[in-house]
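Hello,

Here is the structure I promised to pass on to you. Have a look at it first, and then read on for what I found.

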Amino acid sequence: MEEEIGFEPILVADCGSTTTRVSLIDLVGGEFRLLATGETATTVEAPWSRISTGVREAVRQIEQSTARMLLSGQGELIVPEREDGSGVDGLVVTSNAAVPLRVAVVGLISGLSVESLLKATDCTYIAVQNVVARDDGASSAAAESSILEMVRDTLLNRPDAVLLGGGIDGGAVVPVLEIARDVAAALDASSAGGGRVHVVFAGNREARTNIASELGECSNLRVVDNVRPTLNEENLGAAEAELRNLYRDAKVGRVPGFGELKSWTSAPIMTTAEGLELVLRYLSRLYQLDTLAVDVGSAATHVAGVVRGHSGTTVNAHAGVGYGLGDVLDRAGLDRLLRWLPFELDAEDAHNRILNKMLRPMTVPETLDEVLLEQAAAREAIILTLQRARSRWLSVQGDHRGDQLPPVDLILGRGAVLARAPHRGQAALVLLDAIQPAGVCTLALDHSSILPQLGALASVHPLAAAQVMWRDGFLKLGTAIAPTGVGREGSVALKLKIEYDDGQTLSVEVPYGALEVVPLMTGKRAVVELRPASQFDIGLGKKGKGATTEVDGGELGIIVDARGRPLTLPGDDQKRRAKITEWMAELGL
Amino acid sequence: MPYHPFVTRVVPNMVMRRERMLPIRGEVMVGTGSRVRPTEIIARAVTSGETHLLKVARALALDGTDLSPYLRVSVGDSIEEGDVLAAGSGASRLFGRSYRSPVTGLVVGISSGRVLIQAGSSPLELAAHYRGAVINVMAGLGAIIEVKGALIQAIWGSDKEGFGVLKLMIDDPAEPLYPEAIDMSCRGTVLVVPSSVDDEILHRAEEVEVQGMVVGSLDARLMSVVESLQYPVVVTEGMGLLPISAPVFDLLTAYEGQEASIRGAMEGRGGVARPEIVIYASYAGGDAELEARPEFLLEAGSRVRIVRGPHMGETGTVTGFPSYPGTLLSGGKAEGVEMRLASGEEVFVAQANVELFG
C-alpha cells in the first residue's frame, strides 16, 4: 500500500458509446470522496473522431466547477499534481465506446463445445457473426450449410476473430482438425482483404500441434485451454480472457484518440463491463452478498452477478436504449415494448420515436411519454439479456424454478435510463418489472455512474476505490420484498409487521396483485416480520413459511411487490394500463 | 459553457474527400490526378453467387492436405463444370484418379486440402459517384476523390446512390406534395420534397425514373418500401412528420437546377458515413471550407435545430447557457441551453437535444 501514499487527487473516467463522464476523487477529512463530475458526448465519431476530446471537455467542466486547474494551456492533463495544487496524480479509464468485436464461433457439437464457446463470447462486447456446429444434431446438411455460410461471410466480410473449439482433451483429433481446415481454407482465400484474422483455439488439447500447422500460417493463432476439457466440465476462463484481450487490442485500442488518452492514464484501460464485474466481486467477497447488476447502456446491456459463489456475466452487445434499440425492437417486438406504458401510444408514433432515438442516441427524453417509452425499452433490453444469462449461467445448480431468478441480496441498476430517471420510483419499477426478483433484496442505483471506474481504480488505489464506493457509489432505493406464487386478485398475499428502530410498529396486509410502499428512510433499519399466505414463498423455498428479517431503508423505503412471479400483465389493454397506473401511483409517480 | 454537440454539416461551399471502395478486391481503372464524372466507372470486380468448399484431399484419399503435386488449377482460374481440379500423373499413386469440379466458377482459394470455388460470378462496377479529382488510388480496392461543392448531411437514407439535377417540388415545406405533381419532367432528377411522403409518391417517382429523393421526414412504416426502391431516398430531419428545416431548405432552394450526387448509405457506430447530398455549383461567397475543422462548439449565437421533445424539428439560435441544470417537462433535470426559435419564442432545451448546423 506504500505506493498509494500521496496518490491523490485522481480522475476516473468512463467513455461510453454516447456519453463520457469524468469524476474527480480527492481526500476530504482523511477520506476519499467523489468531488465533482463532468459529462459530455463521447467524441469517437465524426466530426470529432477523437475520444480524448470528450474526456478533455469533461475535465474542463470539473475545472470550472471546482476552480482547480487540471489541464495545461495546451490542453494536456497535468500529471502529477503540482505544488500549486494544479493537476492530478493519475487518471483511470474504463470504456465501451468501441464497436463490438465480430466473432465467428466454430465448434463440433451444438450442445457441448459450441454452447461453451458461445457462453465465452458473453464476457465482453462481442457480436457473433456466425455459429458453426460441425454436428448440429439436426442434420449433416444443416451443419454443412452453416460451414458454407461461415466461409461465404468470411470471404465477404471477414470477422475480427474466429473462436474455434471442439473435442474433449485426449479425444479424437480428426473432427476438430477437419473443421479447422475449413476455417483455414476460408481465411486463406480471404487473406487479400488485408491483415490476418485472429483465431482463438479453445478445443482438444491434443490437437494443438496440428491446429498450429493448419492455421498458423493464415491467421494470428492463439491457443488457450479447452472450454470443454471433459464432457462434464466447462472451463471458460482462458477463452474469456483471450477474447477480452482481443476486444481491448483490436477494438478499444483502435478507437481514434486512444493513444492520447492512454498516455494520460495510470493503469491499463479496462472495459466498462470488466470494471463493473470487479466491483461486484469485491462487494460479494467483502460483505458475503449475492449480487446482481444490470447496466443498460445506449449500445449494450450488461448483466453481471455473483450468486452463491458463482460469478457470471452476459454482455448483450447489441441491445440498448440508444444505438441498441433496433435489436430490442427486432427481438422483443413493438407490442411487448408498448405493454409497459400506462397510456395508449399509436404504434406508428412509437415506432417513429424509437427510430429517432436510435438515429440520435445521445438525446434525452424531455416529456413524460418519452421517459416512459425509453424505460419500457430498458425493461425489454434487461429481459432479453437476462434470458441469455439464465440459459448460460444465472441458474445456480439446484434451482429449477423455470424463469425465476435465484434469490440475491443486492440488485444494482446502472445506465442513464435508470440513474437519470426523473423519479427514483421509475427506476425501481423498471428493475422490479424486468428482473422480477424473488424474496428479500436491496435495490440500489449507481447514481453517480462511477462503479466501473472504481473497479478499474482498485487496481492502482484500492483504498480510494473502496472508500468512494462505500460513501458515494450507491444510492439505496430501498428493500424489495417479493413473495412468489399465484393467488386470487385482492386476497392477502403477505402480512408484514414492521418494527422501526424507535420502537414504533406498523402492520400491513398486501393483497395479491398490488405493489405497496412502506416508508423507511435512508440510513434507517427496521425489523420486519413476514407472514405469507399459504400459496406464497418469501424466498425460503417453502410456501406459507414466515420469517423475521432486518431490512434497510432507502429513497423509497420498503417496496412490497405482491404481483406474483412470474409477473403477468393483464391482457386487456385498458385493465393493464389501469394496473400500471396504480403501481406507479403507489411508487409516487 | 462549451459543449460538443451532434453536428450536421450544411455548407454552401466545401472541399471534401470521399473514399470509393470495392466490397471485394478487383481492378481500379483510374490513376491519381484523373478527373472523374459521377457516372464514370472507376473500378471493377467479379462477385460470386454460391460458394463451394470442395474437400479434394479427402475425396482423393490423400494422407495429408497438401494438394500441390496434384493440382491442375490455380487461384484466380475460371473453370467449367467437369474440369479436373486435381489428378495424379506418371508414377503417382493417384494414377488414373482425378477430382472434377461439380460447378462452373472461379477458384478463389486452395488450402488445407480444400478448393474454394465461387460459382455464378458476375461483374461488379463501381462508379465514381462524385465529380472531382482522384487524389489517391488503393490498388485493387478503390480511390479517394476530392470533391468541391455544397454539402448537406442527412440523418437516414436507403443504401443506394444517385446523380441528377436538383428539382424542388414545393416552395413551402408546410405544403403537402400530391402524387400527380410528379410527371415526366422529373425523370433523371433528384427530387426535393420538403415535407414527408407517402407510398403513392414514392412509387410514382419510381415510375418516372427519378435519380433520388430528398425528404424532410419519413414514416417508419415506409422504410421497407423505400429500401425496395431503385433510387436512393435521404431523410434530413428524422422519422415521422417533419418538414425540412429552414437552413437545409434554403440551401437546396438556392441550388435548385444544379447537379447533385445523393447517397443514402449510412455507417452506424464508429463509422464516418452519413447520408448526404453533394451539390456541384459555383459559389461566389468566398473560399471553399475544408471538411475537417478543429472545433465545433455549441456557443451563444450557434444556429441549431431541436432533435427531440415538444419542439422537435424547430430551428433557432442559442442565446444562453444556464449555470444550473434546468427542469424538463418530464420532471427530470438536464444541462440545457436557452434558445430563440425561428418563431421568436424563447425556450429551454436539454443540451443533448440540440444539433449544431456547421
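To start with a small puzzle: which residue in strand 27 of chain B is the bridge partner of Thr317(B)? That partner is Arg340(B). Please keep in mind while reading that this is a predicted model.

Thr317(B) is a good place to begin in chain B. In strand 24 of chain B, Thr317(B) is also the bridge partner of Arg303(B). Strand 23 (residues 303-306) and strand 24 (residues 315-320) of chain B run antiparallel and are joined by three bridges. Strand 24 of chain B also pairs with strand 27 (residues 336-341) of chain B, in the antiparallel sense and over four bridges.

As for the domains of chain B, the assignment gives domain 1 (7-15 + 147-280), domain 2 (49-120) and domain 3 (298-357). The C-alpha centres of domain 1 and domain 2 of chain B are separated by 50 Å.

Now to chain A. Its domain assignment gives domain 1 (2-97 + 255-266), domain 2 (101-250) and domain 3 (272-484 + 557-586). Between domain 2 and domain 3 of chain A, the C-alpha centres lie 32 Å apart. Contact between these two involves eight residues of domain 2 of chain A and 10 residues of domain 3 of chain A. On the domain 2 side, the residues are four nonpolar, one polar and three charged.

Chain A also has an open sheet that is worth finding on your screen. Five strands make up this sheet in the order 6-5-7-8-9, with parallel pairing. Strand 6 (126-135) and strand 9 (219-223) of chain A each have a single partner strand, so one side of each is left without a neighbour in the sheet. On average, neighbouring strands here are turned by 20 degrees against each other, direction ignored.

At one edge, strand 6 of chain A pairs with strand 5 of chain A in the parallel sense over eight bridges, and Leu101(A) stands opposite Ile126(A) in strand 6. Strand 6 of chain A is mostly covered, with seven of its 10 residues buried. At the other edge, strand 8 (residues 197-201) and strand 9 of chain A pair in the parallel sense over five bridges. There, Phe201(A) has Val223(A) in strand 9 of chain A as its bridge partner.

Two helices to look for on this sheet are helix 4 and helix 5 of chain A. Helix 4 of chain A lies across strand 5 (101-109), strand 6, strand 7 (161-164), strand 8 and strand 9 of chain A, and runs at about 150 degrees to strand 5 of chain A. Helix 5 (residues 208-215) of chain A lies across strand 8 and strand 9 of chain A, at about 165 degrees to strand 9 of chain A.

Next, helix 8 (residues 272-287) of chain A. At 1.5 Å a residue, its 16 residues should span 22 Å, and the end C-alpha atoms are 23 Å apart, which agrees. Its buried residues include Leu276(A), Leu278(A), Val279(A), Leu280(A) and Leu283(A). Just after helix 8 of chain A, Gln288(A) takes a positive phi of about 55 degrees.

Helix 11 of chain A has 13 residues, which should span 18 Å at 1.5 Å a residue; the end C-alpha atoms are 18 Å apart, which agrees. Among its buried residues are His351(A), Arg353(A), Ile354(A), Lys357(A) and Met358(A). What covers the buried residues of helix 11 of chain A? The cover includes helix 9, helix 10 (334-338) and helix 12 of chain A, together with strand 15 (156-157) and strand 19 (233-239) of chain B.

Helix 9 (residues 325-332) and helix 11 of chain A have axes that come within 9 Å and cross at roughly 145 degrees. Leu325(A), Gly326(A) and Leu329(A) in helix 9 of chain A meet Ile354(A), Lys357(A) and Met358(A) in helix 11 of chain A. This contact has four nonpolar, one polar and one charged residues.

Finally, the two chains together: 51 residues of chain A are in contact with 43 residues of chain B. Elements that each supply at least two residues of the chain A side include strand 3 (31-41), helix 4 (174-189), helix 11 (347-359) and helix 12 (368-392). That side divides into 26 nonpolar, 13 polar and 12 charged residues.

Best wishes

Definitions and conventions: Residues are numbered from 1 along each chain as its sequence is written. Chains are lettered from A and ligands numbered from 1 in the order in which they are written. This is a predicted model: local features need pLDDT of at least 70, side-chain atom pairs count only at pLDDT 80 or more; totals for chains, interfaces and linings use all residues. Domain bounds come from an automatic or database domain assignment. Two residues are in contact if their C-beta atoms, placed from the backbone, lie within 7 Å. Ala, Val, Leu, Ile, Met, Phe, Trp, Tyr, Cys and Pro count as nonpolar, Asp, Glu, Lys and Arg as charged, and the others, Gly among them, as polar. The expected span of a helix is 1.5 Å times one less than its number of residues. A residue is buried if 20 or more other C-beta atoms lie within 10 Å of its own, exposed if 12 or fewer, and partly exposed in between; C-beta atoms are placed from the backbone. Two strands pair if DSSP finds at least two bridges between them. Axes are lines fitted to C-alpha atoms, for helices over the stretch in contact, and angles run from 0 to 180 degrees between N-to-C directions.
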